[in-house]
Amino acid sequence: MRDRGWTRALLVPGALFFIAFFLLPMARLAVIGASGRDGLAAYAAIVTDATYRSALVATLAVAAATTAITLVVSGVAGVFLQRNRFRGRSLLLALLTLPLAFPGVVVGFLVIMLAGRQGLIGTITNLAFGHRVVFAYSLTGLLTGYVYFSIPRTILTLVAAAEKLDPRLPEAARSLGASGWRIVVDVLIPGLKPALLSAGAICFATAVGAFGTAFTLATRIDVLPMVIYTEFTLSANIAAAAALSFVLGAVAWAVLAAGRSFAGSTVAAAG
Amino acid sequence: MKARPSLAFVVQLAFTLAVCVFLVVPIVLSVAAGLTVNVFVGLDSGLTLRWVAEVWSGYRDTIFLSLGIATACLAITLLLGIPLAYALSRSSSTFARFAEELLVLPVAVPGLATALALIVTYGSLRGFRTSWTFILVGHVLFTLPFMVRSVLAVLGAVNVATLEEGAASLGAGFWRRFVDVVLPSCRGGILAGALMVYTLSVGEFNMTWLLHTPLTKTLPVGLADAYASLRLEVGSAYTLLFLLMIVPLLVAMQRLGGARVR
């Protein structure tokens, strides 16, 4: 029974740290959010204020597109790598998962390298068509960055999930005459559904809350994290920034919680 | 006889290679730009270490600060995280689930929100606000769940409870068991968690951008500065130094996880 006491005691330092530096500050943030000129209405401003609403719509749209593209790309590559053995396969997998923990700022810079004013795509299109294609500094650039950011971790999750699939299922389907496409639709996708949902939730939540990439691409990308940052620094509108970030946090958390309830647990990391 | 690869195989391989190109080419471009005399002219202008030297003289403080913060962050997450993980592995599953859910919040909630919350609560404590420990607090919040989960996963897989019972029946007390049985059996989880914590701390930007002061600039903050205001070659050289720090950590992580994702 004394062991029980010791075990409880081990919780104390972590719990105190967490309460002091997360729960209390978050509670304070919630209070401050309602302390501005508009009071509690600040929390509704995210949908009632036209600027905030359009930022919200842009944020959700980019996040949804990121999730869809990442899942398709990583799904195809991940399942392919898991189901086939060939020379160079492990190198390929290593390269695909290398940018796993690149911070958002760096990813933003890589997008500039690819699609910025001096970027590779611009140079190639200039040589080929006499016209520079530049999309780094727009929502498309942001989307490119988020997809780049999300592919490594999603491939990792999906390869691991595909490993647990019973290899006899696709074989049985094939011996029953199912085409490759039918096997994908009827066997692989249902089998990978939990992993797809949880990985998708992580992509979505990361794209909703990430700040570094947008900050690097910067200038005129009005997604919510950028709006919050502007309200806080340039307008010194702390109440609005607090209310918006509280709502943003709630959205990101809700999406992740929904994803987790569908599937096992993976921790997301926003860049 | 080896069968000729099917069309489906070739198409999927080509697709996967294309994804790989998308991920790797920008890194190569950035490294090349950091070593090129003039990026507008291209590699023909020659290679140089001038930009790397410029970054080193102007920004090496940010590198040392980041390494310092990451080391401190690792120490704290070990001290707080391992006991937490152990205690949670011994708690009722309802409580453990609830605690885990809470603990992951700083990762789920955008860093911007956490940073704002810290600023509105502790920003008036000047000595704390302007010190690097203010950033450290944010990093610990963000990385702690990775340590706890990594250790918890191992504690769940290895049957530590049985080992402990054995030790207890031989008369080992609580602390003796914790140090001699529990810690060694979750070594793998601790190592994986430690690599993750260190890597994430070195690269953290979302919170750090709001938590830093002009005197406490970390590496990613310096990177953002350089991207915004300095020439492309310098930004690239800076990125190169960052990659030199972080890629070994990522490769080590891959090696460690290799057993799991073959």
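A residue counts as buried if 20 or more other C-beta atoms lie within 10 Å of its own, as exposed if 12 or fewer do, and as partly exposed in between. Keep that cut-off handy for the exercises below, and remember that the model is predicted.

**Exercise 1. Place A254(A) in its helix and decide which burial class it belongs to.**

Start with the address: A254(A) sits in helix α12 of chain A, which covers residues 238-262. Next, count neighbours. A254(A) has 13 C-beta neighbours inside 10 Å, so it goes down as partly exposed. Finally, look across the fold: A205(A) is 49 residues away along the chain, yet the two C-alpha atoms are separated by 8.7 Å.

**Exercise 2. Sketch chain A as a whole: what are its elements, its box and its share of buried residues?**

First the elements: chain A has 12 helices and 0 strands. Then the dimensions: along the principal axes, the C-alpha atoms fill a box of roughly 75 × 65 × 30 Å. Now burial: of the 271 residues in chain A, 48% are buried. Last, take the contacts with a separation of 6 or more; 74% of these in chain A join residues 24 or more positions apart.

**Exercise 3. Work out what each chain brings to the contact between A and B.**

Chain A puts in 75 residues and chain B puts in 62 residues. On the chain A side, helix α1 (residues 2-33) gives the most, with 18 residues. Sort that side by chemistry and you get 60 nonpolar, 12 polar and 3 charged residues.

**Exercise 4. Zoom in on where α12(A) meets α4(B), and describe the geometry and the residues.**

Geometry comes first. The axes of α12(A) and α4(B) (residues 111-122) come within 9 Å and cross at roughly 135°. That angle makes α12(A) oblique to α4(B). As for handedness, α12(A) passes α4(B) in a left-handed crossing.

Now the residues. From α12(A) come I238(A), A241(A), A242(A), S245(A), F246(A), L248(A) and G249(A), and they meet L112(B), A113(B), L116(B) and V120(B) of α4(B). Split by type, this contact has 9 nonpolar, 2 polar and no charged residues.

Follow L116(B) a bit further. Leaving aside residues up to four places away in sequence, L116(B) touches L29(A), F232(A), A241(A), A242(A), S245(A) and L210(B). In the largest nonpolar core, which has 163 residues, L116(B) is listed with L244(A) and A252(A) as touching the most other members. The element giving the most to this core is α2(B), with 16 residues.

**Exercise 5. Decide whether α11(B) is mostly covered or mostly open, then find what packs against its buried residues.**

Count first: 8 of the 11 residues in α11(B) (residues 219-229) are buried, so by the 20-neighbour cut-off the helix is mostly covered. The buried set is L219(B), P220(B), V221(B), G222(B), L223(B), A224(B), A226(B) and Y227(B). These pack against both chains: α5 (104-115) and α10 (212-217) of chain A, plus α2 (50-90), α9 (187-203), α10 (208-211) and α12 (232-257) of chain B.

Now pick one partner, α12(B). The axes of α11(B) and α12(B) are 9 Å apart, at an angle of about 160°. That makes the two helices roughly antiparallel. Here, α11(B) passes α12(B) in a left-handed crossing. L219(B), G222(B), L223(B), A226(B) and Y227(B) make the contact from α11(B), with V234(B), G235(B), Y238(B), T239(B) and F242(B) on the α12(B) side. By type, that is 7 nonpolar, 3 polar and no charged residues.

Methods:
Residues are numbered from 1 along each chain as its sequence is written. Chains are lettered from A and ligands numbered from 1 in the order in which they are written. This is a predicted model: local features need pLDDT of at least 70, side-chain atom pairs count only at pLDDT 80 or more; totals for chains, interfaces and linings use all residues. Two residues are in contact if their C-beta atoms, placed from the backbone, lie within 7 Å. Helices (H or I, at least four residues) and strands (E, at least two) are DSSP runs, numbered from the N terminus. Ala, Val, Leu, Ile, Met, Phe, Trp, Tyr, Cys and Pro count as nonpolar, Asp, Glu, Lys and Arg as charged, and the others, Gly among them, as polar. Axes are lines fitted to C-alpha atoms, for helices over the stretch in contact, and angles run from 0 to 180 degrees between N-to-C directions. Angles under 35 degrees count as roughly parallel, over 145 as roughly antiparallel, 65 to 115 as roughly perpendicular and the rest as oblique. A crossing is left-handed if the near helix is turned anticlockwise from the far one by less than a right angle, and right-handed if clockwise. A nonpolar core is a set of buried Ala, Val, Leu, Ile, Met, Phe, Trp, Tyr and Cys residues joined through C-beta atoms within 7 Å.
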